Amino acid sequence: MSYFVGIDIGSTAIKIAMANRDGELVATRITATGSNFRQNALDSFNDLLAIHKVARSQIEAIIATG
């Protein structure tokens, strides 16, 4: 199965949403932005994949805003 991920890095929170090819929301995660926002976003993304047992190769696209 393949997935699409959206990441929003805000001033106080990193919000991540993952949807499947049918457009169904399958996972979300919200974590603190902190001072090292790049690393915190990457850690949060990797945690979301691990929790939901999704391999990085199953992600078709990532869109980020912030």
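Buried residues, meaning those under 20% relative accessible area with a 1.4 Å probe and protein chains only as cover, make up 29% of the 66 residues in this protein chain. On the same scale, exposed means over 50%, and partly exposed lies in between. The accessible surface of the chain comes to about 4200 Å², and 55% of that belongs to carbon and sulfur atoms; these areas come from the Shrake-Rupley method with a 1.4 Å probe.

I should state at once that this is a predicted model, in which local features need pLDDT of at least 70, side-chain atom pairs count only at pLDDT 80 or more, and totals for chains, interfaces and linings use all residues. Residues are numbered from 1 along each chain as its sequence is written, and side-chain values use heavy atoms, with hydrogens and water left out.

Let me turn to the overall fold. The chain has 1 helix and 4 strands, arranged along the sequence as β-β-β-α-β. Helices (H or I, at least four residues) and strands (E, at least two) are DSSP runs, numbered from the N terminus. The radius of gyration, taken over C-alpha atoms, is 11 Å, close to the 11 Å that the globule rule gives for 66 residues, so the chain is as compact as a globular protein of that length. That rule is 2.2 Å times the number of residues to the power 0.38. Along the principal axes, the C-alpha atoms fill a box of roughly 35 × 20 × 15 Å.

Next, the sheet. The 4 strands form an open sheet in the order β3-β2-β1-β4, with mixed pairing. At its edges are β3 (25-32) and β4 (59-65), each of which pairs on one side only. Two strands are said to pair if DSSP finds at least two bridges between them. The twist from one strand to the next averages 15 degrees, where axes are lines fitted to C-alpha atoms, for helices over the stretch in contact, and angles run from 0 to 180 degrees between N-to-C directions.

How many bridges join β1 to β2? There are 7, and the two strands run antiparallel; they form a hairpin with 3 residues between them. Strand β2 (residues 13-20) is also joined to β3 by 7 bridges, again antiparallel. In the hairpin of β2 and β3, 4 residues separate the strands, and G23 takes a positive phi near 85 degrees. M18 of β2 is the bridge partner of V5 and also stands opposite A27 in β3.

Helix α1 (residues 37-51) lies across β1 (3-9), β2, β3 and β4, running at about 35 degrees to β2.

Two residues deserve a closer look. Is N20, in strand β2, buried or exposed? N20 counts as buried, at 8% relative accessibility. Its side chain reaches the backbone nitrogen of D22 at 2.9 Å, and a polar contact of 2.8 Å joins the side chains of N20 and E24. A polar contact is a pair of N or O atoms within 3.5 Å; within protein, one must be able to donate a hydrogen and the other to accept it, and residues adjacent in sequence count only if both atoms are side-chain atoms. Leaving aside residues up to four places away in sequence, N20 touches M1, S2, Y3, F4 and V26, with contact meaning heavy atoms within 4.5 Å.

T28, in strand β3, is exposed, with a relative accessible area of 52%. With residues up to four places away in sequence not counted, T28 touches I16, A17 and L48.
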